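The exercises below are meant to be worked through with the structure open, and each task is followed by a solution that goes step by step.

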Amino acid sequence: MKVTDHIAQAKETLMSFEVLPPLKGKGIEALYTHLNPLMEFKPAFINVTYHRSEHVFKKRVDGTFEKVIVRKRPGTESICAAIMNKYNVDTVPHLICGGFNINDTEDALINLRYLGIDNVLVLRGDAAKNETAFEPELGGHKYASELLKQVVDLNAGIYLDDELKGTHKTEFCIGVAGYPEKHFEAPNLDTDLQYLKAKVDAGADYIITQMFFDNKKYFAFVDACKAAGINVPIIPGLKPIYTKKQLTILPKTFSIELPTDLSNEVLKCKSDEEVEKVGAAWLLQQSKELKEYGVPVLHYYTLGRPVLIADVVKQLV
Ligand code: FAD
């Protein structure tokens, strides 16, 4: 079922979770162990992230280095199908521009339809580890909006090969990313919003936000989106803080700010166990306020802390 149908039929705020494919070598059981504590809350859908290959230098026995390409977390599409099969829940694979040319993208979309997947979250992806700025694949897309157009076209039965025009139409419900504190490359929030509006005008059905720790930023973002004529559901993305190190890592990695009250509380903690308690309390407070505000879905980035999130969510239902 489509994410937008879940939202349209819901009588109250829904819940959804984002997971990562397991690291190569771990097996899918590691993912099930991660998801099991969360499934009792009957999430409307589960997002599965996409991880492109990266170049790494491996040391040879003679001491010299060899440049090799590795993909540490493959399997997004098949993991979506496996989760649907095991838990009878809808899944949302993330689909990125990076590393794909338009033919790879078309084949990936066809594959997803064969697997019975109704949703995609369409993203540009970040620069590869060896690049300083995002570089599209040769014959690939530069922005999420271009990838979005390819999905919209396929939904209209427009394939890359003209001869296939008007054959089978896909029916993907398409999500895109939004940034309450602006995307790190955007010169300002207004410009970022114009590009977000372009994605919605081109056919995006809903937006999922980058994580934020200050609900005021989400509320202001929703207001700005409405003022700009963006009227699709805006799903807040939420993550707990659980180590002191995250005070510096999160702002640097995601270009977000942590509120002073939160950082002060974390700085007072003597151990990461204490930070986890502060993070859980903050996440619960954020979730309660967002639920009261009437957000369509509370979307949790579960990375590494499913039990913490389950404990928080338990207090919401
Ligand atoms: P875009 O919408 O293409 O925007 C990228 C930048 O370009 C922005 O600064 C925007 O303002 C600007 N821009 C957009 N269109 C134009 C244009 N026409 N001309 C000039 N500038 C333009 N990454 C992964 O690799 N895998 C994942 O699974 C993944 N999941 C994510 C899930 C969520 C909910 C979010 C919020 C992010 C996720 N990311 C993921 C990270 C995402 O790929 C990066 O944030 C990336 O840098 C931008 O992606 P985007 O889709 O927002 O890009």
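Contact, as the word is used in these exercises, means heavy atoms within 4.5 Å. The coordinates belong to a predicted model.

**Exercise 1. Determine where H34 is found, whether H34 is buried or exposed, and which residues H34 touches.**

Step 1. Locate the residue: H34 is found in helix α2, which covers residues 29-39.

Step 2. Compare its accessibility with the cut-off: buried means under 20% relative accessible area, and because the value for H34 is 17%, H34 is buried.

Step 3. List the neighbours: leaving aside residues up to four places away in sequence, H34 touches V19, T302, L303, G304, R305 and P306.

Step 4. Look for a polar partner: the side chain of H34 makes a polar contact with that of T302, at 2.8 Å.

Step 5. Follow one of these neighbours further: P306, touched by H34, is among the buried residues of helix α11 (residues 306-314), together with L308, I309, A310, V312 and V313. The buried residues of α11 pack against α2, and also against β1 (14-19), α10 (272-293) and β10 (297-301).

**Exercise 2. Work out what span helix α6 should have, and describe how α6 begins, packs and ends.**

Step 1. Calculate the expectation: α6 has 13 residues (189-201), and at 1.5 Å a residue these should span 18 Å. The C-alpha atoms at the two ends are 18 Å apart, which agrees with that expectation.

Step 2. Examine the start: there, a side-chain oxygen of N188 reaches to within 3.2 Å of the backbone nitrogen of D190.

Step 3. Identify the buried positions, which are T191, D192, L193, L196, K199 and V200. An α-helix has 3.6 residues a turn, so residues three or four places apart point the same way.

Step 4. Find what these positions pack against: the partners of the buried residues of α6 are α5 (144-155), β7 (173-178), β8 (206-211) and α7 (215-227).

Step 5. Examine the end: α6 is followed by G203, whose phi is positive, near 130°.

**Exercise 3. Describe the surroundings of the ligand: how many residues surround it, and which elements give two or more residues to the shell?**

Step 1. Count the shell: 22 residues surround the ligand, and the closest are D126, Y179, H183, D192 and K199.

Step 2. Sort the shell by character: its residues divide into twelve nonpolar, five polar and five charged.

Step 3. Look at individual atoms: in the side chain of D192, an N or O atom is 2.6 Å from an oxygen atom of the ligand. For G125, a backbone N or O atom lies 2.9 Å from a ligand oxygen, and a backbone N or O atom of A144 likewise lies 2.9 Å from an oxygen atom of the ligand.

Step 4. Assess the cover: on its own the ligand has 990 Å² of accessible area, of which the protein covers 85%.

Step 5. Assign the shell to elements: β5 (90-96), β6 (119-123), α6 and β8 each give two or more residues, and the largest share, three residues, comes from α6.

**Exercise 4. Place K42 and S255, whose phi values are positive, in their loops, and classify the exposure of each.**

Step 1. K42, although not a glycine, has a positive phi of about 50°, and K42 is found in the loop between α2 and β2 (45-48). Because its relative accessibility is 71%, K42 counts as exposed.

Step 2. S255, also a residue other than glycine, has a phi near 55°, and its place is in the loop between α8 (246-254) and α9 (260-268). With 29% relative accessibility, S255 counts as partly exposed.

Terms used. Residues numbered from 1 in each chain as written. Predicted model: local features only at pLDDT ≥ 70, side-chain atom pairs only at ≥ 80, totals over all residues. Heavy atoms only, no water. Helix = DSSP H or I, 4+ residues; strand = E, 2+ residues; numbered from the N terminus. Expected span 1.5 Å × (residues − 1). Buried < 20%, exposed > 50% of the residue type's maximum accessible area, 1.4 Å probe, protein only. Polar contact = N/O pair within 3.5 Å; in protein donor to acceptor, adjacent residues only side chain to side chain. Near = heavy atom within 4 Å. Areas by Shrake-Rupley, 256 points an atom, 1.4 Å probe, with all protein chains shown as cover. Nonpolar A, V, L, I, M, F, W, Y, C, P; charged D, E, K, R; others polar.
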